Amino acid sequence: MAAINRRDLGLLTLRVGTGAVLAAHGAQKLLGWFGGGGIAGTAAAMESMGFTPGRQSAIAAGLGEAGGGALLALGFATPPAPAQGHRPAVSPRMKSAAAAKEATVRTWLPAVHTRT
């Protein structure tokens, strides 16, 4: 059996951690877990940012993040998985959605926290 070196262990940890965060963020959009709004809340946010139809945009964003994060964490399709899960890499439409969202809404922080 081959020994695991520190570089491989570090890359595994980074891949699994990043994939888990992306998958959790997608679960917020799709299922409302971890304080997310679910499809209805995400659809309303997409509509308020000017993305119509909001429901389809919410489903696409949630599936991209959850699916890309799961693929990345499991090690399947690792070159395309981060591009699928990371919002700005998905498409120009999602780039502008991410920019609009980050300008007005906090990603993970509760409402009591503010960015400085």
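This report looks at a salt bridge, an aromatic pair and a surface patch in a predicted model.

## A buried salt bridge

Let's start with charge. Side chains of opposite charge can pair when their charged atoms come close. Searching the whole structure turns up one salt bridge. Its partners are E65 and K29, whose side chains meet with an N to O distance of 3.3 Å. The pair ties together distant parts of the chain, since E65 belongs to helix α3 (residues 54-74) and K29 to helix α1, with their positions 36 residues apart.

Are these two partners buried or exposed? E65 has a relative accessible area of 2%, so E65 is buried. K29 also counts as buried, because its relative accessibility is 8% and the cut-off for buried is under 20%.

## An aromatic pair

What about the rings? The count of aromatic pairs comes to one. W33 and F34 make up this pair: their ring centres lie 6.3 Å apart and their planes stand at 85 degrees, so the arrangement is edge-to-face. Both W33 and F34 are exposed.

## A nonpolar patch on the surface

Now have a look at the surface, where I4, L9, L12 and V16 form a nonpolar patch. Together these residues have about 370 Å² of accessible area.

Where does I4 sit along the chain? I4 is found in the segment before α1, the helix that covers 6-31. With a relative accessibility of 66%, I4 counts as exposed, because exposed means over 50%.

Methods. Residues numbered from 1 in each chain as written. Predicted model: local features only at pLDDT ≥ 70, side-chain atom pairs only at ≥ 80, totals over all residues. Heavy atoms only, no water. Patch = residues over 30% accessible without salt bridge, like charges linked within 9 Å, V, L, I, M, F, W, Y side chains within 5 Å. Areas by Shrake-Rupley, 256 points an atom, 1.4 Å probe, with all protein chains shown as cover. Salt bridge = Lys/Arg side-chain N within 4 Å of Asp/Glu carboxyl O. Helix = DSSP H or I, 4+ residues; strand = E, 2+ residues; numbered from the N terminus. Buried < 20%, exposed > 50% of the residue type's maximum accessible area, 1.4 Å probe, protein only. Phe/Tyr/Trp six-rings, centres within 6.5 Å; stacked < 30°, edge-to-face > 60°.
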